[in-house]
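Got your viewer open? Let's take a short walk, starting with the whole chain and ending at a single side chain.

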Amino acid sequence: LSRQAQGEGGVYIANAIKIGIAHMHDPTREVLVRALTSRLNAEVTGFAYVEDVLNSSMQYDVFVVYNNFGHKMDGVTGVAKIRARKPQAFIIGVSPTPYLDRKFLPAGANAFLLRAGNEIEELVRMIKKHLEAKFVKA
C-alpha cells in the first residue's frame, strides 16, 4: 500500500485510500460519499446494502457500515463477514442505537460511531486518526 497522511495545521491527505460505505438511503449515502471524497481526498464508493459490498471486489482499506438495512443483512452481520474476508481493513460500525457498539465491536468493527451529531465530522476524525496511526508513525 502506498498511502501517505501528513498533518500540517490539522490537515491530512490520504493518497489513494479506498473507502466503501454501506448505507441504505440514497441521498444520505451520496452526501457521505461526496463529503468523504472531498475531505479525505479518497476514492469512496457507496453501496445500498452490505450484500452489495460483499459482492464487490472488496478492495477497500476502510469500510463504513450502517446498521439498519430493512429486510436485508444487518450491519453487525455484515461487519463480521467483511472482517472474515478483509482482516486488515479498518471497519467503522454506525448506528443511532445506543450500546450497539456491544455488538459491532465483537463482530469485528475497529470503531463504533453513535449517530448523534455531525457524523461526517466524526467519520473524518476517525479515519484521519486511523491513517495517522498507520501511515505517519516514524
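Start with a surface view of the whole chain. Its accessible surface comes to about 7400 Å², and carbon and sulfur atoms account for 49% of that. Keep in mind that you're looking at a predicted model.

Now colour by burial. Of the 138 residues in the chain, 47% are buried.

Switch to cartoon next. You should find five helices and five strands. Trace them along the sequence and the pattern reads β-α-β-α-β-α-β-α-β-α. If you like contact maps, pull one up here: take the contacts between residues at least 6 apart in sequence, and 59% of them join residues at least 24 apart.

Time to zoom in. Select residues 50–54, which form helix H2, and pick out Glu51 within that helix. Is Glu51 buried, partly exposed or exposed? Its relative accessibility is 24%, so Glu51 counts as partly exposed; the buried class stops at under 20% and the exposed class begins at over 50%.

With Glu51 still selected, show its contacts, but skip the neighbours within four places in sequence. Which residues remain? Lys72 and Met73 are in contact with Glu51.

Stay on Met73 and show its backbone. The backbone nitrogen of Met73 sits 2.9 Å from a polar atom of the Glu51 side chain, so draw that distance on screen if you want a label for it.

Last stop: add Ile82 to the selection. Ile82 and Glu51 are 31 residues apart along the chain, and their C-alpha atoms are separated by 10.0 Å.

Methods:
Residues numbered from 1 in each chain as written. Predicted model: local features only at pLDDT ≥ 70, side-chain atom pairs only at ≥ 80, totals over all residues. Heavy atoms only, no water. Helix = DSSP H or I, 4+ residues; strand = E, 2+ residues; numbered from the N terminus. Buried < 20%, exposed > 50% of the residue type's maximum accessible area, 1.4 Å probe, protein only. Contact = heavy atoms within 4.5 Å. Areas by Shrake-Rupley, 256 points an atom, 1.4 Å probe, with all protein chains shown as cover. Polar contact = N/O pair within 3.5 Å; in protein donor to acceptor, adjacent residues only side chain to side chain.
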